[in-house]
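Dear colleague,

I am handing over the structure we spoke about, with the sequence alongside. Please look through it first, and then read the notes below.

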Amino acid sequence: MSKSELERTALRNVRCFTLFRMFFSARFYYPVYTLLFLDFGLSLEQFGILNAIWAVTIVLCEVPSGALADTIGRRKLLIAAGLCMVVEMGVLLIAPINGGPLLFGLFAVNRVVSGLAEAAASGADEALTYDSLKYAGLEDRWGLVLERVQRDTSLAFFFAMTLGAAVYDPDMVNAVLRLFDPEITLVQSQLVKLPVLMTFISGLVVLQTAVRMKEAPLEAGMTVPETLARSWRQTVSAGKWIWATAFPFGILLAIMAVDNVIRQFLTLDSKYWHVIELPIVSYGLIGSGMAFIGIFVPRLARWMADRFRPVQAFLMTCGLLLLGLVGVSRVLPYWGVLPASLLFICMGVANYLVSRYLNEAAPSEQRATVLSFKGLSTNFAYGTVCLLYSALIAAIKLETDVTAFGSAGAYQDEVFVRSLAWAPWYFLVTVGLVFIVRWLRFARSESGARG
């Protein structure tokens, strides 16, 4: 291909990458995620089991999918991710409300396919786009591309949160419908699948966008066993490279420390909004507001990456995150939303920095595999902190007298508030472990190199 053709292909992939991320990440059911599961007729216990199935699927498939992307092609993995997104939403569209065992089985299928979609998309989209820029001699634009993608994804998330919450509210929907026909009135059960349908349409856009992407031709003529064997070798090779190279090893440790504590809070954010006395109607607006803030975060992250060394950028992010965790632990009525916003900002900054550093450091032939190790690491850390948090809740309950509270709700709120006080200390320990583990792994080799 000529230089101009490579540039056109690279710019086309950038546009497709942006759309892929926007429609894949911003899902209309996110603002009512827990309510959606419960309104379908599932219990809280089943909700927990289904999320565990989702996490396990990602952990098991994250790195193998990245290795497949590097062997059979990143575009094929992105197409597979689009197909999985369509299937996972399609399963929910046909799931019967209050369907008993059949309902749980269909949701289990949804969680597995959703995990497969996340694993297939993770790393492959970035690797394809970065390599197309590199082949065109435009890799210096990668920082700007990441900034734009994160900004546009945050904007899409803003609209998805706003619309998803609005179409799930019967009062809001009926107020709009009365403008056209005063006789039309819908109830909650008739709106349960509307955010799912909207996300299903987004899945079709994701699939079509993945099909439009182009990548450099890979080695042809390999059989299925040869492809699987090469994928396994690719996984082992990428793992050895990370283990032997101080920079990516440290980057993965850093994102594990930052990501898991933020994601644990995001899982419980609706409970936090409750204890700081915010009305339920404001939850969707808060999510939209956080997404709007995220539009400006990539510019901050790019400034940090351009101006500071990685360890300095990491420590700055940790300082901001620690400030947010301390503020959240104070559980300030109404004003508690401000320190919580720092956690959202730190998540965006950390994701930008890690994507930029790993893409710049990873060898082209195993870039998607290396990026998949990021997903594996963060999901493993997230699963670990979920177990630790469950143990913490159990310990706090043992020390808290339920009879001292007027209701079960007040007792649960008190347990939750006490758990928040541990978050800053937990984060300080994990940050310390980042430096200790990296020092233990590379201190001898680095001192030998200096000698």
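With which residues is Gly336 in contact, once its neighbours within four places in sequence are left aside? Before the answer, please keep in mind that this is a predicted model. The contacts of Gly336 are with Tyr272 and Ile276. Gly336 itself is placed in the loop between α15 and α16, and it counts as buried because its relative accessible area is 0%, where the limit for that class is under 20%. To Trp273, which is 63 residues away from Gly336 in sequence, the C-alpha to C-alpha distance is 8.3 Å.

The chain as a whole

The secondary structure consists of 19 helices and zero strands. For 451 residues, a compact globule would be expected to have a radius of gyration near 22 Å, and the chain, at 23 Å, agrees with that. Along the principal axes, the C-alpha atoms fill a box of roughly 65 × 55 × 40 Å. Of the contacts with a separation of 6 or more, 83% are between residues 24 or more positions apart, and 49% of the 451 residues are buried. The exposed area of the chain is about 21,400 Å², of which carbon and sulfur atoms supply 68%. On the side of charge, there are 37 positive and 33 negative side chains, and the centres of these two sets lie 8 Å apart.

Helix α15 and what follows it

Helix α15 covers residues 310-329, and its 20 residues reach 28 Å from the first C-alpha to the last, close to the 28 Å expected at 1.5 Å a residue. Its buried residues include Ala313, Phe314, Thr317, Cys318 and Leu321, and also Gly324, Leu325, Gly327, Val328 and Ser329. Just after the helix, Val331 takes a positive phi of about 50°, and in the loop between α15 and α16 (337-361) Tyr334, although not a glycine, has a positive phi of about 65°. These values deserve a careful look, since most residues other than glycine have a negative phi. Tyr334 counts as partly exposed because its relative accessibility is 49%, whereas Gly336, in the loop between α15 and α16 as well, is buried.

Val417 brings another helix into this part of the picture: it lies in α18 (residues 408-420), and its C-alpha is 7.3 Å from that of Ser329, although the two are 88 residues apart in sequence. Leaving aside neighbours within four places in sequence, Val417 is in contact with Val275 and Val331, the latter being the residue with the positive phi just after α15. At 25% relative accessibility, Val417 counts as partly exposed.

Helix α5 and the loop before it

Helix α5, residues 101-121, has 21 residues and reaches 30 Å from its first C-alpha to its last, close to the 30 Å expected at 1.5 Å a residue. In the loop between α4 (74-94) and α5, Asn98 has a positive phi of about 55° although it is not a glycine, and with a relative accessible area of 59% this residue is exposed. After α5 comes Gly123, whose phi is also positive, near 90°. Within the helix itself, Gly105 counts as partly exposed, at 31% relative accessibility, and its C-alpha atom is separated by 9.8 Å from that of Leu50, 55 residues away along the chain.

Two buried aspartates

Asp259 lies in helix α11 (residues 246-267) and counts as buried, because its relative accessibility is 7%. Not counting residues up to four places away in sequence, Asp259 touches Met347 and Thr378. Asp152, in helix α7 (residues 142-167), is buried as well, with a relative accessible area of 14%, and on the same basis of counting it touches Thr18 and Met22.

With best regards

Terms used
Residues numbered from 1 in each chain as written. Predicted model: local features only at pLDDT ≥ 70, side-chain atom pairs only at ≥ 80, totals over all residues. Heavy atoms only, no water. Helix = DSSP H or I, 4+ residues; strand = E, 2+ residues; numbered from the N terminus. Rg over C-alpha atoms; globule rule 2.2 N^0.38 Å. Buried < 20%, exposed > 50% of the residue type's maximum accessible area, 1.4 Å probe, protein only. Contact = heavy atoms within 4.5 Å. Areas by Shrake-Rupley, 256 points an atom, 1.4 Å probe, with all protein chains shown as cover. Lys, Arg positive; Asp, Glu negative; His and termini not counted. Charge placed at Lys NZ, Arg CZ, Asp CG, Glu CD. Expected span 1.5 Å × (residues − 1).
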